[in-house]
Amino acid sequence: MYFIGVDLAWGDRSPTGLAVVDGTSRLLHLSAVRSDDEIAEALAPYVTGDCLVAIDAPLVVTNPTGSRPAEKALSKDFRRFEAGAHPANTGKPEFAHGTRGGRVAERLDLDIDPRSARSRRAIEVYPHPATVVLFDLPRTLKYKNKRGRDLDGLREALLTLMSHVETVVDVDETWRGLRAQVEQATRKSELRVVEDQVDAVVCAYVALFASRSPDRVTTYGDLETGYIVTPALPGAEPELAREDVVRAAVRAYDAQHAELRLAAEEAAALVTRILDEAGINYLTVTSRAKSVASFAEKAGRTSAGVPLYSDPLTQITDQVGVRVIAYVVSDVDAVADLLGDQVVVKDDRDMGQDAISAGGFGYASRHLLITPDPTREGDPALAHLEGRTAQVQVRTVLQHAWAEFEHDIRYKGVVPEEHAADFDRRFTLAAGLLELADREFAEIRDRLRAGPRGSVGFSEDEIDGDLDPRLDARELAAFLAGQYADAGWSRTDHYAWISGLLLELGITSLDELATALRPVADLDLNARMDYRYPPGAVRRLDDALLASFGQTYVDLHGNAHRVALLASRLERLRG
């Protein structure tokens, strides 16, 4: 879902600021335009699906003179902060034939009812009172150019506002360029276009705030006479009881749970694609959207009587979860390094290292909080994940077994109080033994990688029959172990997959494969690809075949699903 801010000029000749943030408060778009056509064109990518557009301009004006009831009520509350509203009435030329804000909302096909539950809406907002509440200001910042205000004062006020905005919005390079423009401004006019865009970001954040915390906003007025939505002053709305906060969060979570399930499926598919493309070895990739019951339980947790989550919808970060089960600890590190290279990692915690730092044994898992990187924006395969974060848990088979058993016993079972200390000791002992077993499995695999492989790791179904002309998967694995001694094992089904590509190239023996690879033997393909993770053996062979056969390899029937990806890699290899 997108949250859009429009600092709309009342007339068509002045600039209008536009801003878009996603559900994680990341700034996606920032610009200044003039005409309604330019507004529609700039916002087109963001208003076709779920969106809330906050417009700083009247949407409904029906009174012939004076101020609207909404403006009177808001001014009464915010006058002491010097944040009163400007009067709007049909006697003003700009409102004589309707409002520009209403026309823009209609053009974008947005519902302007502030109490509507539709997925595509617009609301009227006002940045001045919003900044007073959001940033706890004693009065509004004087960054608007008026008589008696000099350049230095305007610059200081605008930079102060920008600093406040940066505490709630994850800004981008465009924003940083505007900040530099303000710092270097020598004329008031240079601040004007920046001011509109800063106001637009404030509007976009108000939209996000209103969506996250509907009980913490006030709607002055109504649809019939005009309204303004703004964050509520402390005491303007009765403070919700803790139970009501949790209940409201659970209702909102339940309403979006179907979309979260789709987001979880997309997250798992994304992680799987990334791992498979890199040739990283893993056992399984699974996903889930946190159940409503589980969310409710977590939202209501307390510590020493203090709630753990004041805003559960934003503070509970494992609503979308992906779990990667690897074989040994080095695979866990490889997966984490790979994700760090391919997506945006907002947080990375090694839970096992936390236990070690505390001098003990216990839950071991790598937890990464990820979101798709900007290059994947607009990918229809990530339509429900865009703007959301997913928690990716990466652990070994043994770590997973311990975690599942411990969770069932401690959280789902009932441990008698008299046995609690003994159970704690036994769980710690088991964790220590499993850590030792993980190390031994890693040592076994390292030794196998260094020596003859035989058919280790392959089931009977994965061993090629006598009538199959492809290279035997076991023989190919052994060959690649010698060819790329520093590479990790790939998934067993990947060896069979690339054998099919070799068959398309007419390669059916290891001698033919060695001959085909000879022209690129002296090329440092790893350096050309600039890997930030250890690629698996099959990925190394994939790159070598791409370098050796070029476009012929790209055009193979078995590569039809990844032509664009291979073309990009080929360009890097040739570069």
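Setting aside neighbours within four places in sequence, A57 touches L8, W10, E124 and V125 in this predicted model. The residue belongs to the loop that runs between strand 4 (51–55) and helix 2 (69–78). With a relative accessible area of just 4%, A57 falls under the 20% cut-off and so counts as buried. One of its partners, V125, lies 68 residues away from A57 along the chain, yet the C-alpha atoms of the two are 7.3 Å apart.

Next comes a pair of helices. Helix 4 (residues 127–134) packs against helix 7 (residues 189–212), with an angle of about 65° between them and 10 Å between their axes. The crossing these two helices make is left-handed. On the helix 4 side, the residues involved are P127, A130, T131 and L134. Across from them, helix 7 puts in D199, V202, C203, Y205, V206 and F209.

The surface has something to show as well. L283, Y327 and V397 together make a nonpolar patch of about 230 Å² there. Of these residues, V397 sits in helix 14, which covers residues 397–412. Is V397 buried, exposed or partly exposed? Its relative accessibility is 33%, and because that value lies between the 20% and 50% cut-offs, V397 is classed as partly exposed. Patch members need over 30% relative accessible area, and V397, at 33%, meets that requirement.

Methods. Residues numbered from 1 in each chain as written. Predicted model: local features only at pLDDT ≥ 70, side-chain atom pairs only at ≥ 80, totals over all residues. Heavy atoms only, no water. Patch = residues over 30% accessible without salt bridge, like charges linked within 9 Å, V, L, I, M, F, W, Y side chains within 5 Å. Areas by Shrake-Rupley, 256 points an atom, 1.4 Å probe, with all protein chains shown as cover. Salt bridge = Lys/Arg side-chain N within 4 Å of Asp/Glu carboxyl O. Helix = DSSP H or I, 4+ residues; strand = E, 2+ residues; numbered from the N terminus. Buried < 20%, exposed > 50% of the residue type's maximum accessible area, 1.4 Å probe, protein only. Axes fitted to C-alpha atoms, helices over the stretch in contact; angles between N-to-C directions. Left-handed = near helix turned anticlockwise from the far one by under 90°. Contact = heavy atoms within 4.5 Å.
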